[in-house]
Amino acid sequence: MSRREEYERRAEALLSPIVEQAGFELVDVEYVKEAGSWYLRGYIDKPGGITVNDCEAVSRIFSDRLDEDDFIEDSYIMEISSPGLDRPLKKEKDFARSIGKKVEIRTYRPIEKQKEFSGILTAYDDNSVTVEEDGNLRAFEKKDIALIRLKIDF
């Protein structure tokens, strides 16, 4: 397990009970380097959406817990935010919640000369995702998918 994965796992273990106690859902935790700075981000959600006040309340408690545990060696910026409408599907619960909804998929390599697909999510398992495109079923190996998220039509 990489240092990044270890930090994400430990941060998730600290953040999960805080988020659950507030009645929210922990969508994801990431530890990433952007523009020379490390960021520890927690994404939270609830029916009807997350407010700035929700993020602030969770952030205060989480910050205190991080200070107590102090397991991250680097200096970093901690953020708690909403995952947004266009959040990627990553966990089993994301896929389960999205069955029957339109998704967009981007692949790492072209498949039949294209890398972008969309369709209704009809099935998934540990290794694959199946969508219905224009009445035809198409299966994708998860290892080939760079991004999958709900398709938002404006």
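This tour walks through a predicted model of one protein chain, from the overall fold to its salt bridges.

**Start with the whole chain**

Show everything as a cartoon and colour it from the N terminus on. You should find 3 helices and 8 strands. Following the chain along, the elements come in the order α-β-β-α-β-α-β-β-β-β-β. If you draw a box around the C-alpha atoms along the principal axes, it comes to roughly 55 × 35 × 30 Å.

Now switch on the surface. The chain exposes about 9,500 Å², and carbon and sulfur atoms supply 46% of that area. Of the 154 residues, 37% count as buried. For a feel of how the chain folds back on itself, take the contacts between residues at least 6 apart in sequence: 51% of them join residues at least 24 apart.

**Colour by charge**

Next, pick out the charged side chains. There are 25 positive and 34 negative ones, and the centres of the two sets lie 4 Å apart. Side chains of opposite charge can pair when their charged atoms come close. How many salt bridges does a search of the whole structure find? The count is 22, and the next stops visit some of them.

**Stop one: helix H1**

Select Glu-6 and Arg-9. Their closest N and O atoms are 2.7 Å apart, forming a salt bridge. Both residues sit in helix H1 (residues 3-21), and because they are 3 residues apart there, about one helical turn separates them. Turn the surface back on here: Arg-9 is partly exposed at 41% relative accessible area, and Glu-6 is partly exposed too, at 25%.

**Stop two: Arg-41 and its two partners**

Centre the view on Arg-41. One partner is Glu-30, with the closest N and O atoms of this salt bridge 3.3 Å apart. This pair links distant parts of the chain, since Arg-41 belongs to strand E2 (residues 37-45) and Glu-30 to strand E1 (residues 25-34), 11 residues apart. Are these two residues buried or exposed? Both Arg-41 and Glu-30 are buried.

Now add Glu-79, which forms a salt bridge with Arg-41 at 2.6 Å between the closest N and O atoms. Glu-79 lies in strand E3 (residues 76-81), 38 residues from Arg-41 in strand E2. Compare the two on the surface: Glu-79 is partly exposed at 29% relative accessibility, whereas Arg-41 is buried, at 10%.

**Last stop: a network**

Finally, select Glu-25, Lys-93, Asp-94 and Arg-97 together. These four residues are linked in a network of salt bridges.

Notes
Residues are numbered from 1 along each chain as its sequence is written. This is a predicted model: local features need pLDDT of at least 70, side-chain atom pairs count only at pLDDT 80 or more; totals for chains, interfaces and linings use all residues. Side-chain values use heavy atoms; hydrogens and water are left out. A salt bridge is a side-chain nitrogen of Lys or Arg within 4 Å of a carboxyl oxygen of Asp or Glu. Helices (H or I, at least four residues) and strands (E, at least two) are DSSP runs, numbered from the N terminus. Buried means under 20% relative accessible area, exposed over 50%, partly exposed in between (1.4 Å probe, protein chains only). Contact means heavy atoms within 4.5 Å. Accessible areas come from the Shrake-Rupley method with a 1.4 Å probe; for residues, only the protein chains shown count as cover. Lys and Arg count as positive and Asp and Glu as negative; His and the chain ends are not counted. The place of a charge is taken as NZ of Lys, CZ of Arg, CG of Asp or CD of Glu.
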